[in-house]
Every structure is written in structure tokens, then in C-alpha cells.
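Q: I would like a close look at one part of this protein, followed by its setting in the whole chain. Please explain the terms as you go, since I am in my first year.

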Amino acid sequence: MRAVLTPLAYIASRWTPSPRTVRRAAATALLMSVVIVVTGGAVRLTGSGLGCDTWPKCTDDSLVATGEQGIHGAIEFGNRMLTYVLSAAVGWVIIAARSAKPWRHSLTRLGWIQFVIVMGNAVLGGITVMTGLNPYSVAGHFLLATSLITVATVTWQRTREGDTAPRPRVPGPVRKLSWAMIATTLVLIAAGTVVTGSGPHAGDKAEIKRMPFDWSTTAHVHAVAAWLVCALAVAMWLVLRVVDAPTDTRARARDLLIVLLAQGGIGYVQFFTKLPEALVAAHMLGSCLVWIAVLRLALALRERPAAQAEIPAQGDAQLSAV
């Protein structure tokens, strides 16, 4: 009796993507995970958060935005449609990883984790609309998007590696410094959501509930966390030179410093210019890029070489049989 193939197994039996195709799929999913954050920010900054006043429909009577909802409805509905583009990108990762020869189960699992996060964030986005842009729900929406960027970055890196056990490229204390930088960056991102939740850009022109914190104070706390991340990044850059780390690892530390300097500059300018929308959007993009740079640096501290096929020794029975 012939076994029935699942759709993924059926595709895999008829298509073998190149390693380059798998890498492109992972890179596309990472790009879209950043795009969805930036466009979500545009929804909030243009006051279009309730452009579609219900979910999953745009209105009680229409699945799509209507003319009566104007530009705000179009912006909110457009961002919802990008979720399907993101889902397609993640689906491409899953299909490409499943179809690769040999089948890399770890990449397939990472692809499915991305899919689950996308679906979960879509539901949380609906809850955010139905609760009238509750700031805590908005913050959770952003943090879940950040977790998607995390998994997408790891997936992209794993497509460039093998499936062997990771091997350290730097001494243990350097790796511990990296963990400290990751933890501090997470605090920085979380503090940023509090700044957003207590700030003036609520996401709609109506009276929207805000977090009960003084915006200026939370902004200063956010800045302190940013300076701490910068200090750790400088320390990492110096330590990697002292221990003579591989060139590509030191390049990742350099990239992180460049992104942090740009992000810090944008942050201070937007603070002293009363949060113009364009700079807030740039700062949201910078937040994504900082997190990706931190992760790439951490991942560059270890390696997973591709498994090498063993070469039979002279006189081996395998050679004798040839």
C-alpha cells in the first residue's frame, strides 16, 4: 500500500532548492518581519490605529476598508494585508527548508516557530483594536514582533551554517559579556515600549488610554539603558580585538557600534524636537536593526561547521569493495 504524502513532503519529492534559495527565503522572512514593524508604526503615527474599527473584518459589514473610513482605514487595512505577505515569506522558509536535501529539520522547526508567532501576533493585533488601542496590548504587540525578528535572524544565520554542535570562537568570559549585552538590550527595548505607551502618539485621534507614567522620566530611563548597551558594545569591540577574535566577528561588533550611534542620534533629536512622526518611525526601524545587530554579534561568537563526509582510510573495506 502506497504511503500518502503530506503537501510539504509532496513538494519536497519534486523540488530541491539550492542552499542560496534557502538563504534568500530566510532573508526575505527577516526583511518582512522588520517591514511589518515599521508599517505598524506608521499606522500608529498617522492616527490610523482604529482606521478599521473591528477585527478580523474592517467594519461590521465589510471585510475591506470602505470609502467612509478614508485614508486611515486604507492605512490600517493595508498593514493588515502585509500580514499575508509576511505569512507567505514565512511559508517560503518552511517549504524551502523542508525541500532541501538533506532535510534540515532544525530549519523547518524554526520556520514553523515563525509561523506560530505571526499567527499569535495577528490575534493580539485584533485584541489591540477591539480594546481601543490599549497601550499594554500595543506594547505586547511590538514585543511579540521583536520575538519574530529574533527567530527570523537565527533562522537566517542557521541557513549559512551546518547542523553540527556549536563550537565557541572566543573565550567563555567574552560569551558571558554577550549575554549581558543581550539582556540589557531587551531591557532597552522594553523601556522603549513604556516610552511609547506613555507618549503622545496613541495611534488614533480619539482619547486613548495611556500608561500612567511620566513620559519624560521614562524617556530618561530608556536613555540610561541605551548608554549601558553602548558601553557594553564598546567593551565587546575592545575585548574582541584583545583576544584576536576572527575578522568577521569583529566586523559584527563594528556594525553594532555604527547602528547604535545612529539610533542614539535619532533618539536624542526626536526627544528635543517633540517627537516628529518621521523620526519616531526611523527610531522604530533603528530598534529593529539594533536588535538584529546584537543577535548577529552573539551568533558570530560560535560556529556550526557543515558536517564533512568521512574519507575511508587506505585499505578500508569500502575501498576494497569499489
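A: Let's begin with a word that we will need again and again: a residue is buried when its relative accessible area is under 20%, exposed when that value is over 50%, and partly exposed in between, using a 1.4 Å probe and protein chains only. What you see is a predicted model, in which local features need pLDDT of at least 70 and side-chain atom pairs count only at pLDDT 80 or more, while totals for chains, interfaces and linings use all residues. Residues are numbered from 1 along each chain as its sequence is written, and side-chain values use heavy atoms, with hydrogens and water left out.

Our part is helix H8, which covers residues 247-272. Its label comes from counting along the chain: helices (H or I, at least four residues) and strands (E, at least two) are DSSP runs, numbered from the N terminus. H8 holds 26 residues, and 38 Å separate its first C-alpha from its last. That span is close to the 38 Å expected at 1.5 Å a residue, where the expected value is 1.5 Å times one less than the number of residues.

Now look at which residues of H8 are hidden. In the earlier stretch of the list you will find Thr-249, Ala-251, Arg-252, Ala-253, Leu-256 and Leu-257 among the buried residues. Further along, Leu-260, Gln-263, Gly-267 and Gln-270 are buried too. What do the buried residues of H8 pack against? Their partners are three helices: H6 (172-198), H7 (215-242) and H9 (277-299).

Gln-270 is a good residue to zoom in on, since it belongs to H8. Its relative accessible area is 10%, so Gln-270 counts as buried. To see its neighbours, we need the word contact, which means heavy atoms within 4.5 Å. If you set aside the residues within four places of it in sequence, Gln-270 is in contact with Leu-275, Pro-276, Leu-279, Val-280 and His-283. On the way to those residues, the chain passes Lys-274, which sits just after H8 and takes a positive phi of about 65 degrees.

For a contrast, turn to Val-35 in helix H2. Val-35 has a relative accessibility of 27%, so it is partly exposed, whereas Gln-270 is buried. From the C-alpha of Val-35 to that of Gly-162 is 28 Å, and the two residues stand 127 apart along the chain.

Next, let's step back and place H8 in the whole protein. How many helices and strands are there? The protein has 10 helices and 2 strands. Going along the sequence, their order is α-α-α-α-α-β-α-α-α-α-β-α. Taken along the principal axes, the box filled by the C-alpha atoms is roughly 80 × 60 × 25 Å. The protein has 322 residues, and 43% of them are buried. Sequence distance tells us something as well: among contacts between residues at least 6 apart in sequence, 76% join residues at least 24 apart.

One last feature to find is a bond between cysteines. A disulfide here is a pair of cysteine sulfur atoms within 2.5 Å, and the count by this rule is 1. Which cysteines form it? Cys-52 is joined to Cys-58, with 1.8 Å from S to S. The angle about the S-S bond is -75 degrees, making the link of Cys-52 and Cys-58 left-handed. Cys-52 has 0% relative accessibility, so it counts as buried. Cys-58 is buried as well, because its relative accessibility is 0%.

Why is there no bond from Cys-230? The closest cysteine sulfur to that of Cys-230 belongs to Cys-288, and it lies 17 Å away, which is too far for a bond. Seen from the other side, Cys-288 stays unbonded because its closest cysteine sulfur, in Cys-230, is 17 Å off. Cys-288 has a relative accessible area of 3%, so it is buried.

To finish, you can return to H8 and trace the picture once more. Its buried residues face H6, H7 and H9, and Gln-270 is one of those buried residues. Beyond the helix, Lys-274 has its positive phi, and Leu-275 is one of the residues that Gln-270 contacts.
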